[in-house]
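Colleague: Got a minute to go through this one with me? I'd like the fold before the details.

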Amino acid sequence: MDGFGGSCDPFCVVKFAEQEHKTTTKKNTYSADWEEVMWFVIDDVGERVDDLEFLVMDWDRMGANEMVGSFTIPS
């Protein structure tokens with residue numbers, strides 16, 4: 001987020017089973033709506049089941065992207 005009263009360019013990182021997918025970046029909004037489909041390849045989880053993790057990030061042209069928030073659905 002670009003300072004007090006600045007803009008937010010959010011994107012979402014989704015992690016599951018050692019895989020990571022990213023949504024498109026929505027420019028200049030605090031109310032992003034992603035209607036995107038993500039596929040995760042799961043061959044054989046066996047006894048191991050992973051959490052499903054969502055990280056909402058703010059894209060920055062200069063410097064590192066900032067985390068806005070996160071949510072985890074436990075296994």
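Colleague: How many helices and strands does the chain have?

Modeller: This is a predicted model, and its chain has 0 helices and 4 strands. Reading from the N terminus, the order is β-β-β-β.

Colleague: How does the radius of gyration of the chain compare with the globule rule?

Modeller: The radius of gyration is 15 Å, and the globule rule gives 11 Å for 75 residues, so the chain is more spread out than a compact globule. The C-alpha trace spans about 50 × 20 × 20 Å along the principal axes.

Colleague: OK, and what share of the residues counts as buried?

Modeller: 20% of the 75 residues. The exposed area of the chain is about 5700 Å², with carbon and sulfur atoms supplying 54% of that.

Colleague: What about contacts between residues 24 or more positions apart?

Modeller: They make up 41% of the chain's contacts with a separation of 6 or more.

Colleague: Switching to charges. How many positive and negative side chains are there?

Modeller: There are 6 positive and 16 negative ones. The centres of the two sets are 7 Å apart.

Colleague: Now cysteines. How many disulfides do you count?

Modeller: The count is 0. The closest cysteine sulfur to that of Cys8 belongs to Cys12, and it is 12 Å away, which is too far for a bond. The cut-off for a disulfide is 2.5 Å between the sulfur atoms.

Colleague: Are those two buried or exposed?

Modeller: Cys8 is buried, at 3% relative accessibility. Cys12 is buried as well, with a relative accessible area of 7%.

Colleague: Let's look at Lys26. Where is the place of Lys26?

Modeller: Lys26 is in the loop between β2 (19-22) and β3 (52-58). With a relative accessible area of 28%, Lys26 is partly exposed.

Colleague: Which residues does Lys26 touch, leaving out those up to four places away in sequence?

Modeller: On one side of the list you have Cys8, Asp9 and Pro10, and then Ala32, Asp33 and Trp34. So Cys8, from the cysteine discussion, turns up among the contacts of Lys26.

Colleague: And how far is Lys26 from Phe11?

Modeller: Their C-alpha atoms are separated by 6.4 Å, with the two positions 15 residues apart along the chain counted as sequence distance.

Colleague: Backbone next. What is phi of Asn28?

Modeller: Phi of Asn28 is near 55 degrees, a positive value in a residue other than glycine. Asn28 is in the loop between β2 and β3, and at 59% relative accessibility it counts as exposed.

Colleague: What about Ala17, what is its phi?

Modeller: Also positive, near 50 degrees. Ala17 is in the loop between β1 (10-16) and β2. Ala17 is buried, though, with a relative accessible area of 17%.

Colleague: Last stop, Met67. Which strand is Met67 in?

Modeller: Strand β4, residues 66-73. Met67 is exposed, at a relative accessible area of 51%.

Colleague: Why does 51% put Met67 in the exposed class?

Modeller: Because exposed means over 50% relative accessible area, and Met67 has 51%.

Colleague: Which residues does Met67 touch, again skipping those up to four places away?

Modeller: Leu55, Val56 and Met57.

Colleague: And how far is Met67 from Val37 in space?

Modeller: 22 Å from C-alpha to C-alpha, at 30 residues apart in sequence.

Conventions:
Residues are numbered from 1 along each chain as its sequence is written. This is a predicted model: local features need pLDDT of at least 70, side-chain atom pairs count only at pLDDT 80 or more; totals for chains, interfaces and linings use all residues. Side-chain values use heavy atoms; hydrogens and water are left out. Helices (H or I, at least four residues) and strands (E, at least two) are DSSP runs, numbered from the N terminus. The radius of gyration is taken over C-alpha atoms; the globule rule is 2.2 Å times the number of residues to the power 0.38. Buried means under 20% relative accessible area, exposed over 50%, partly exposed in between (1.4 Å probe, protein chains only). Contact means heavy atoms within 4.5 Å. Accessible areas come from the Shrake-Rupley method with a 1.4 Å probe; for residues, only the protein chains shown count as cover. Lys and Arg count as positive and Asp and Glu as negative; His and the chain ends are not counted. The place of a charge is taken as NZ of Lys, CZ of Arg, CG of Asp or CD of Glu.
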